[in-house]
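Work through the exercises below with the sequence and the model side by side. Try each task before you read its solution.

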Amino acid sequence: MMSYCSHHLLNSSCITGGVSAIPTTSLPASSVKFPQISTRGFGNRDCVSRRHNFQGKSTDADVETSEPSTSISVNNVNASSSGPSTSFLSLLCPLLKLFSGGDPSQQRNFTLEAATSSLASLARFAWGSKSVVGSSMNKEITSNFPMRLQLYEFEACPFCRRVREALTELDLSVEVYPCPKGSSRHREVVKRSGGKEQFPFLIDPNSGISMHESGDIVKYLFERYGGGRSPSTGLLESTLFTGWVPTLLRAGRGMTLWERSSPDPPPEKLELFSYENNAFARIVREALCELELPYILQNVGDGSCRNDLLFKASGSKEVPYFIDHNTGFQSGDYKMIISYLFQTYSVATM
Ligand SMILES: N[C@@H](CCC(=O)N[C@@H](CS)C(=O)NCC(=O)O)C(=O)O
């Protein structure tokens, strides 16, 4: 039996594929293989608040099974506020909710999906596509700050996108806690820890800092994890110009909780190799968000120090690559991944 070691950068939390029956009803018989067969190859390749009482729990060395501690100190390092332009964008999300794209579990027109997501990638130019820190520097930074960042966000939010782009560029692996509209599990944590329901919200267990405001988060991340670099040119300003375009093109996908999503997260976190501006990885992240499934986001932009890890897991360097440590399912085919997710993590099948 094959085992997969989630040894991201440090050591391991090895999970042996060994779970049997997962309903696969509406999938073609050949399309899902459990638990140990990698389906890569079918892929689409083209593309908180007690001060000083922080309890960081997860590290790169472990794949956490529980929700993060809520007993953390709130410390917004910069209190810069949003201007009128960002306020305008904040209004866009609720507006888009009005025409968000129907039942995400239903059969989709994948040509349209791929086209709209590819256009969304074009709109974001090169942001969120490559690592801007050298891999040796990244290894050094990671060993100095071994605990994984925790990001509370939702896929369709343009401000969250800016932070995810920075994370790809800084080659950081994070725990993502999706907070789609209509959900409460992770939103409660943000409310308790940050004092308000606003996204993105970052918790850095390495420093005990948590913060709202995407611009502040990006600056903080570059300062702390970017080896002194400033945020990439245009990254901070770009949200206003094209940050909302993917949200529009994707018709609000990755914004709202799917009504039949399972009420409880799986015991082991899911794991996704992705980079922010990959058109197919975006579609998988949207599904994870709509299902409110926490996952480890292994950013593997161009030049990432995580390429070897990805290659070990999948035999290829292409993203997306998804692993469910609960069942042993793993795949590099975005269509298969989303079918799997909506079947496995719906109320009907849990
Ligand atoms: N200035 C903030 C704006 C953040 C913001 O407005 N986020 C929206 C989503 S696009 C939000 O949290 N809305 C509340 C909600 O979704 O419940 C930032 O840059 O982070």
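**Exercise 1.** Find where Glu213 sits in the chain, and decide whether Glu213 is buried or exposed.

*Solution.* Start with the place. Glu213 lies in the loop between β6 and α6 (214–225). Helices (H or I, at least four residues) and strands (E, at least two) are DSSP runs, numbered from the N terminus. Residues are numbered from 1 along each chain as its sequence is written. Next, take the backbone. Phi of Glu213 is near 75°, a positive value in a residue other than glycine. Most residues other than glycine have a negative phi. Last, count neighbours. Glu213 has 23 C-beta neighbours inside 10 Å, so Glu213 counts as buried. The scale is this: buried means 20 or more other C-beta atoms within 10 Å, exposed means 12 or fewer, partly exposed is in between, and C-beta atoms are placed from the backbone. This is a predicted model: local features need pLDDT of at least 70, side-chain atom pairs count only at pLDDT 80 or more, and totals for chains, interfaces and linings use all residues.

**Exercise 2.** Do the same for Asp171: give its loop and its phi.

*Solution.* Asp171 is in the loop between α4 and β4. Its phi is near 60°, positive although the residue is not glycine. Asp171 is buried, because 27 other C-beta atoms lie within 10 Å.

**Exercise 3.** Locate the cis peptide bond before Pro200 and the one before Pro320.

*Solution.* The bond from Phe199 to Pro200 is cis, with omega near 5°. Pro200 belongs to the loop between α5 (185–194) and β5 (201–204). The second cis bond joins Val319 and Pro320, with omega about 5°. Pro320 is in the loop between α10 (307–314) and β9.

**Exercise 4.** Write down the strand order of the open sheet of eight strands, then name its edges.

*Solution.* The order is β6-β5-β3-β4-β8-β7-β9-β10, with mixed pairing. Two strands pair if DSSP finds at least two bridges between them. The edges are β6 (209–211) and β10 (330–331), each pairing on one side only. Now look inside the sheet. Strand β4 (residues 174–178) pairs with β8 (residues 295–299) in the antiparallel sense, over three bridges. Val174 has Leu297 in β8 as its bridge partner.

**Exercise 5.** At what angle do the axes of α4 and α7 cross?

*Solution.* Take helix α4 (residues 158–169) and helix α7 (residues 235–243): their axes come within 10 Å and cross at roughly 140°. Axes are lines fitted to C-alpha atoms, for helices over the stretch in contact, and angles run from 0 to 180 degrees between N-to-C directions.
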